[in-house]
Amino acid sequence: MYDHILLPTDGSDATDATIEHAATLAETYGATVHVLSVADSRNRFESPSAGIAPDVWEKSELDRAESAADAAVEALPDAVETERIVVEGVPHSTIVDYAADGDIDLVVMATHGRTGLDHYLVGSVTERVVRQSDAPVLTVRAADEE
């Protein structure tokens, strides 16, 4: 049923909630987990206003994406076959494109559960992926902060 599972990660605690679900499904079906971390290309255009040189900002964003992918791969059980991917792009569209191009059977993503103004201002990568992906998307609610 599932041969290829996509696990997008941004390195947040919310992503941790998805790892167990992806691992269980991968172990059950003998699937490969594709761990995808996207260095948000939109961030490099914000750097001049933040007083940071664009190349420094880009390296920082790439380092963050690399670390996020490494942490997710390390958290998956050794028995699960993984593929680690780090790319630059716009997160939601990169995830949707990778799912389509990579013949992904299921996308497993976290949702922060934001509502109201916070949801409107921040937006939701997961929501956009759910709306645009041809592959099914399993959303896992991140633990509520205390």
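**A walk through the structure, starting at Leu7**

Let's begin with one residue, Leu7. Setting aside its neighbours within four places in sequence, Leu7 is in contact with Thr18, Ile19, Ala22, Val33, His34, Val35, Leu36, Leu76 and Val108. You are looking at a predicted model, and Leu7 is a handy doorway into it.

Where does Leu7 belong? In the largest nonpolar core, which has 18 residues, Leu7 is one of those that touch the most other members, together with Ile5, Ala26, Val33, Val35, Leu76 and Val108. Strand 1 (4–8), helix 1 (13–29), strand 2 (32–40), helix 3 (54–75) and strand 4 (106–111) each contribute at least two residues to this core. Helix 1 is the biggest contributor, giving 5 residues. Apart from this core lies another one, made of 13 residues that include Leu6, Val38, Val96 and Ile104.

Now step back to the whole chain. There are 6 helices and 5 strands, and along the sequence they follow the pattern β-α-β-α-α-β-α-β-α-α-β. Of the 146 residues, 40% are buried. Among contacts with a separation of 6 or more, 77% are between residues 24 or more positions apart. The chain exposes about 8400 Å², and carbon and sulfur atoms supply 48% of that area.

How are the strands ordered? The 5 strands form an open sheet in the order 3-2-1-4-5, with parallel pairing. Strand 3 and strand 5 (137–141) stand at the edges with a single partner strand each, so one side of each has no neighbour in the sheet. From one strand to the next, the twist averages 25 degrees.

Let's follow strand 2 to its partners. Strand 1 and strand 2 run parallel and are joined by 5 bridges; here Ile5 stands opposite Val33. Strand 2 also pairs with strand 3 in the parallel sense, over 8 bridges, and on that side Val35 stands opposite Arg84.

Why can strand 2 be called largely enclosed by the rest of the structure? Because 9 of its 9 residues are buried. Both faces of strand 2 are covered: Thr32, His34, Leu36, Val38 and Asp40 are buried on one side, and Val33, Val35, Ser37 and Ala39 are buried on the other.

The helices come next. Strand 1, helix 1 and strand 2 together make a right-handed β-α-β unit. Helix 1 lies across strand 1, strand 2, strand 4 and strand 5, and runs at about 155 degrees to strand 4. Helix 6 (125–132) lies across strand 4 and strand 5, running at about 150 degrees to strand 4.

Finally, take a look at helix 4, residues 91–101, where Pro91, His92, Thr94, Ile95, Val96, Tyr98 and Ala99 are buried. It is handy to keep helix geometry in mind here. An α-helix has 3.6 residues a turn, so residues three or four places apart point the same way. What do the buried residues of helix 4 pack against? Their partners are strand 1, strand 2, strand 3 (82–89), strand 4 and helix 6. Val96, buried in helix 4, is also among the members of the 13-residue core. Just after helix 4, Asp103 takes a positive phi of about 55 degrees.

Notes
Residues numbered from 1 in each chain as written. Predicted model: local features only at pLDDT ≥ 70, side-chain atom pairs only at ≥ 80, totals over all residues. Heavy atoms only, no water. Core = buried A, V, L, I, M, F, W, Y, C linked by side-chain atoms within 4.5 Å. Buried < 20%, exposed > 50% of the residue type's maximum accessible area, 1.4 Å probe, protein only. Helix = DSSP H or I, 4+ residues; strand = E, 2+ residues; numbered from the N terminus. Contact = heavy atoms within 4.5 Å. Areas by Shrake-Rupley, 256 points an atom, 1.4 Å probe, with all protein chains shown as cover. Pairing = 2+ DSSP bridges. Axes fitted to C-alpha atoms, helices over the stretch in contact; angles between N-to-C directions. Right-handed = clockwise from strand over helix to strand, strands pointing away.
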